[in-house]
Amino acid sequence: MAKSSVAVVGEGRLADELLSLSRERGLDAARYDPSLTEIPRAPLIIETRAPADAEKQRVLARLDGLLPASTVIVSSCLGAATTSLAAWTKNPERIVGFATFFPIKHRRLIELAAGMKTAPSATEAAEEAFRALGKETVRLKDFAGLTFPRILSLIINEAARAQEEGVAHAEEIDLAMRLGVNYPQGPLRWADEIGLDEVLAVLEGLERETGDDRYRPAPLLRKLVAAGFVGERSGRGFYTY
């Protein structure tokens, strides 16, 4: 993969980490603010916003309008299926979804999903980009959150319900999961590391796409995000930092 071949559009830790990893792997990558006051100059763009909200729609539509049709846009599909994201653009064949959670340095695998109109060449370019970053890739069916983020978000959501219902405190829930099933860390502590807003984006996306009540976010999770208590980066989530 040639130098100057990746541009990261986004703010926050995942965007920063992708930029750092790209440079560590010898790519002359650049990060762009979502305001897009500067036009990204690269054949492949990685867009990192998780919630499938009006801001993400604005960013994708603007990228689609600014960039040559040959530019591939790899967009976080934590909060919506790739087909839904691509519907916000005039060139849906260039949109590829990816799903992962921060920190990406701990993830050996990046999950990808093509939309119904995604060109095979775009998916191949996304695979090549992440392999250049030292990651393995897998192609999955087009759903919000794909697999690892989806399953982990459901576990976190159930842990949040257990805390809210008074079954146990956060520390006790995490201890039970670490020692009981050998989790690397408890689900609530893990959620704070990821960012509660990203976990919420996955659950809301699945609830919206499927209509299935099992994805309904725990009220406590919604309240914490609404208050701005999204975990480590804000100083408070399920724990205080």
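This passage describes salt bridges in a predicted model, together with the placement and exposure of the residues that form them.

Across the structure, the count of salt bridges comes to 14. One of these is formed within a single helix, where glutamate 55 pairs with arginine 58 and the closest N and O atoms lie 2.9 Å apart. Both residues belong to helix α2, which spans residues 54-66, and they are separated by 3 residues, about one turn of the helix. With a relative accessibility of 29%, glutamate 55 is classed as partly exposed, and arginine 58, whose relative accessible area is 32%, is likewise partly exposed.

Another salt bridge joins distant parts of the chain. Arginine 233 is paired with aspartate 197, and the closest N and O atoms of the two residues are 2.4 Å apart. Aspartate 197 is located in helix α8 (residues 196-210), whereas arginine 233 is found in the segment after α9 (219-226), so that the pair links distant parts of the chain, 36 residues apart. Arginine 233 has a relative accessible area of 44% and is therefore partly exposed, while aspartate 197 counts as partly exposed at 21% relative accessibility, given that the term buried is reserved for values under 20%.

Helix α8 also contributes to a salt bridge with helix α9, in which the side chains of arginine 222 and glutamate 207 meet at an N to O distance of 3.5 Å. Because arginine 222 lies in helix α9 and glutamate 207 in helix α8, this pair ties together parts that are 15 residues apart in sequence. Arginine 222 is partly exposed, at 34% relative accessibility, and glutamate 207 is also partly exposed, with a relative accessibility of 24%.

Salt bridges further occur as a network, in which Arg13, Arg189 and Glu232 are linked.

A further charged residue, considered here for its position and exposure, is lysine 90, which is placed in the loop between α3 (82-86) and β5 (95-99). The relative accessibility of lysine 90 is 77%, and this residue therefore counts as exposed, the cut-off for that class being over 50%. Lysine 90 is separated from alanine 170 by 80 residues in sequence, and the C-alpha to C-alpha distance between the two residues in space is 46 Å.

Methods
Residues are numbered from 1 along each chain as its sequence is written. This is a predicted model: local features need pLDDT of at least 70, side-chain atom pairs count only at pLDDT 80 or more; totals for chains, interfaces and linings use all residues. Side-chain values use heavy atoms; hydrogens and water are left out. A salt bridge is a side-chain nitrogen of Lys or Arg within 4 Å of a carboxyl oxygen of Asp or Glu. Helices (H or I, at least four residues) and strands (E, at least two) are DSSP runs, numbered from the N terminus. Buried means under 20% relative accessible area, exposed over 50%, partly exposed in between (1.4 Å probe, protein chains only).
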